Amino acid sequence: MESTGIESTGMESTGIESTGIESTGMDSIGVELEQNGIVRKTDEFAIETIHLSKVFGKENQIRAVDNLNLQVRKGEVFGFVGPNGAGKTTTMKMLIGLLEPSEGSGKVAGFDIIREVINIRETTGVLPEPAGFYDNLTARQNLRFYAKLYNIEPDIREKRIVSLLETVGLTRAVDQKTGGFSTGMRKRFGLAQALINEPSVLFLDEPTSGIDPLGAQMMRDLIKDLNRSKGVTVFLSSHSMAEVEEICDRIAIIARGKLLAVGSVEDLRDMIREKEGVNYLLEVQEIPVSAAANAVKNVEGVTALDIRDKTLYVHTEMKLRTEIAKAVKNAGGTVSMFEEEEMNLQKLFLKIIEGA
């Protein structure tokens, strides 16, 4: 089997020995953090971490993950993004039981990431980057092998194998050796493998890297359908901001091991708006654009104006759409076009990282 960045959590690795690193007592810490308003005491989370940290080096000088407090709701698609070396892979390895944390604690699907690793592996699926399979076996044989590790009954196992390969569009490749699969086929097969145990939580590391746009869109559609139809919680790490923006309900941005921001794309926009203000573009009728500018400049919170090719550009300290439209109307004009310059996730990500 090929070596992987985040290794397959196949049940061949479930014989976990105690290392003497004790859990920091998630329940007691949770009460303290709830009282301080850092986290909410609730059972709605599929993944939660409290003060989760991982240090490396002889003198513990490298903090790959630093005091991470994270909550992923059940049934959501959660994006986890950051530059190279941010701590994404280290975090995922701790969540699936491949690394023990140096400090802090966490739960996945209700199970402790230190004490209940076997339970976590039974209830989660992982698509690592790169994914590793037995290339000398067929797709059916690979899935049969992994199904046996989960003690899935033979009749259920065989039906599930056929169903999963149909789901990921590999019905015709059921008896082909995976060593001959293209990159896109390997990605889709990796998703089928991750779903063999019908997990409630799915970890995806760069699920569309290295595949063509059509194949990437197919993978994104598969992920969205799994989430909607099966209620699977998806924890997705990707360098494709367009992909994360398209399919994720909320996004966490991490850099140098620290959590910088978390929320929906609109939440992240509000975060930047609060720091930098809002930019509007508008066109008017019935009065000259210069007259509209004179009216708008008197609106409290407007800090800058510019006229370019009959379009009025307005910079404000906060959202002032209603106030601006009212000022134009009072001046005798009609707004024919009114848009906010909205940043996509790529721009938001860069601004948040640069401001850290």
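A residue counts as buried here when its relative accessible area is under 20%, as exposed when that area is over 50%, and as partly exposed in between, using a 1.4 Å probe and protein chains only. The structure is a predicted model, so to speak of local features takes a pLDDT of at least 70, while side-chain atom pairs count only at pLDDT 80 or more, and totals for chains, interfaces and linings use all residues. Residues are numbered from 1 along each chain as its sequence is written, and side-chain values use heavy atoms, with hydrogens and water left out.

Aromatic rings make a good starting point. Rings of Phe, Tyr and Trp (its six-membered ring) are taken as a pair if their centres lie within 6.5 Å; planes under 30 degrees apart are called stacked, those over 60 edge-to-face, and the rest tilted. That rule gives eight aromatic pairs. In one of them, the ring centres of F181 and F189 are 5.9 Å apart and the planes stand at 80 degrees, so this pair is edge-to-face. Both F181 and F189 are buried. Another pair, F203 with F235, is tilted, with 5.5 Å from centre to centre and 55 degrees between the planes. This one ties together distant parts of the chain, 32 residues apart: F203 belongs to strand β7 (residues 201-205) and F235 to strand β8 (residues 233-237). Strands (E, at least two residues) and helices (H or I, at least four) are DSSP runs, numbered from the N terminus. F203 is buried because its relative accessibility is 0%, and F235 is buried because its relative accessibility is 0%. Together with F78 and F80, F203 and F235 make up one aromatic cluster.

Charges turn up over rings too, meaning that NZ of Lys or CZ of Arg is within 6 Å of the ring centre and within 35 degrees of the ring normal. R308 has its charged end over the ring of Y313, 3.9 Å from the centre. For R321, the ring underneath is that of F338, with its centre at 4.6 Å.

Then there is an open sheet of four strands, ordered β12-β13-β11-β14 and paired antiparallel; two strands pair if DSSP finds at least two bridges between them. The edges are β12 (302-308) and β14 (334-340), each with a single partner strand, so each has one side without a neighbour in the sheet. Strand β11 (residues 278-285) is joined to β14 by six bridges in the antiparallel sense, and E283 has M337 of β14 as its bridge partner.
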